[in-house]
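Please open the model in your viewer and keep the selection tool at hand. The stops below are meant to be taken in order, each with a selection to make and a note on what is found there.

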Amino acid sequence: MSLFKTVILPLRAIQGVFALLVLALSSYVAHWYNTTTVISSPSSINFLFFASLYSLLSILALEFLIPRFVAPKTAASNYIALGVELSNVLFWFAGFVGLAVFLSKLLFCRGSVCQSAQADVAFAAAAWLVWIGSGVIMVREVVKKGGLMSWKRKEPAAVEVPVTNKEEA
């Protein structure tokens, strides 16, 4: 098994665990808002809920769908995988920063809901760091395989044109 697979598979497991933790915490906070208060749950909580679902679907796609069904071992699958990887980095960053800003603007924050929201920020930040790690590894693999950011230019193959003698025809 290559170094890439030995590092990526444990990272995917950690990403899945963090996504499930954030999903559970975001669900709890959103449920509390929807049942206890007269306002709906904050958009930052809803966004982290989306980010964790997107992350779980991304893990399935990166490990099972893209390698088997989307032109395996081609540049297209590298580009798709890199796009999914980097979109997760952006979603997790936006999610944990948005919730942290929301929590900092609250006049008071107590009880299990507030602690859950704070834990949600911490786990989302940790998930962001893990996605950055796998994103860096993915960029290295794509560059090494001559994909997305390859600076090597392939010279066009020389085409041999047969010379015909007009006098023989």
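The tour goes from the whole chain to single residues, then to the core and to a pocket.

**The whole chain**

Begin with a cartoon of the full chain, bearing in mind that this is a predicted model. The chain holds four helices and zero strands, and its pattern, read along the sequence, is α-α-α-α. If you colour by accessibility, buried residues amount to 36% of the 169 residues in the chain. Of the contacts in the chain with a separation of 6 or more, 77% are between residues 24 or more positions apart.

**The annotated segments**

Next, select residues 12–33, 45–66, 78–102 and 122–143, where UniProt, in an unreviewed entry, places the feature "transmembrane region". Residues 12–33 are 100% helix and 0% strand in the model, with the end C-alpha atoms 31 Å apart. Residues 45–66 are likewise 100% helix and 0% strand, and there the end C-alpha atoms lie 29 Å apart.

**E63 and its partner**

Now select E63, which belongs to helix α2, spanning residues 43–69. Is E63 buried or exposed? Its relative accessibility is 13%, so E63 counts as buried, the cut-off being under 20%. Show side chains here, and you will find a polar contact between the side chains of E63 and R12 at 2.9 Å. Apart from neighbours within four places in sequence, the residues in contact with E63 are K5, I8, L9, R12 and R68.

**A19 in helix α1**

Move on to A19, a residue of helix α1. A19 counts as buried because its relative accessibility is 0%. Once neighbours within four places in sequence are set aside, A19 is in contact with S52, S55, L56 and W92. A distance label drawn from the C-alpha atom of A19 to that of L48 should read 9.3 Å, although the two residues are 29 positions apart along the chain.

**The largest nonpolar core**

Which residues touch the most other members of the largest nonpolar core? Select V29, L48, L62, W92, L99, A124 and W131, which hold that place among the 33 residues of the core. The elements that each give two or more residues to this core are α1 (3–36), α2, α3 (75–104) and α4 (111–144), and α4 gives the most, with eleven residues. Centre the view on V29, and look for its contacts with I45, V113, S116 and A117, the list leaving aside neighbours within four places in sequence.

**A100 in helix α3**

Select A100, which is found in helix α3. With a relative accessibility of 31%, A100 counts as partly exposed, because this value falls between the 20% and 50% limits. Add V121 to the selection: the C-alpha atoms of A100 and V121 are 6.2 Å apart in space, while the residues are 21 apart in sequence.

**The second largest pocket**

For the last stop, select W32, Y33, L106, F108 and V113, which lie nearest the centre of the second largest pocket and are among the 17 residues that line this pocket. The space in the second largest pocket comes to about 290 Å³. Colouring by helix helps here, since α1, α3 and α4 each supply at least two residues of the lining. Which helix gives the most to the lining of this pocket? That helix is α4, with five residues.

Terms used: Residues numbered from 1 in each chain as written. Predicted model: local features only at pLDDT ≥ 70, side-chain atom pairs only at ≥ 80, totals over all residues. Heavy atoms only, no water. UniProt positions renumbered as here; feature names shortened; annotations may be inferred. Buried < 20%, exposed > 50% of the residue type's maximum accessible area, 1.4 Å probe, protein only. Polar contact = N/O pair within 3.5 Å; in protein donor to acceptor, adjacent residues only side chain to side chain. Contact = heavy atoms within 4.5 Å. Core = buried A, V, L, I, M, F, W, Y, C linked by side-chain atoms within 4.5 Å. 1 Å grid on protein atoms, 1.4 Å probe; cavity = no way out; pocket = protein on both sides within 12 Å on 5 of 7 lines; lining within 4 Å. Points joined across faces, edges and corners; volume = space filled by probe spheres on them.
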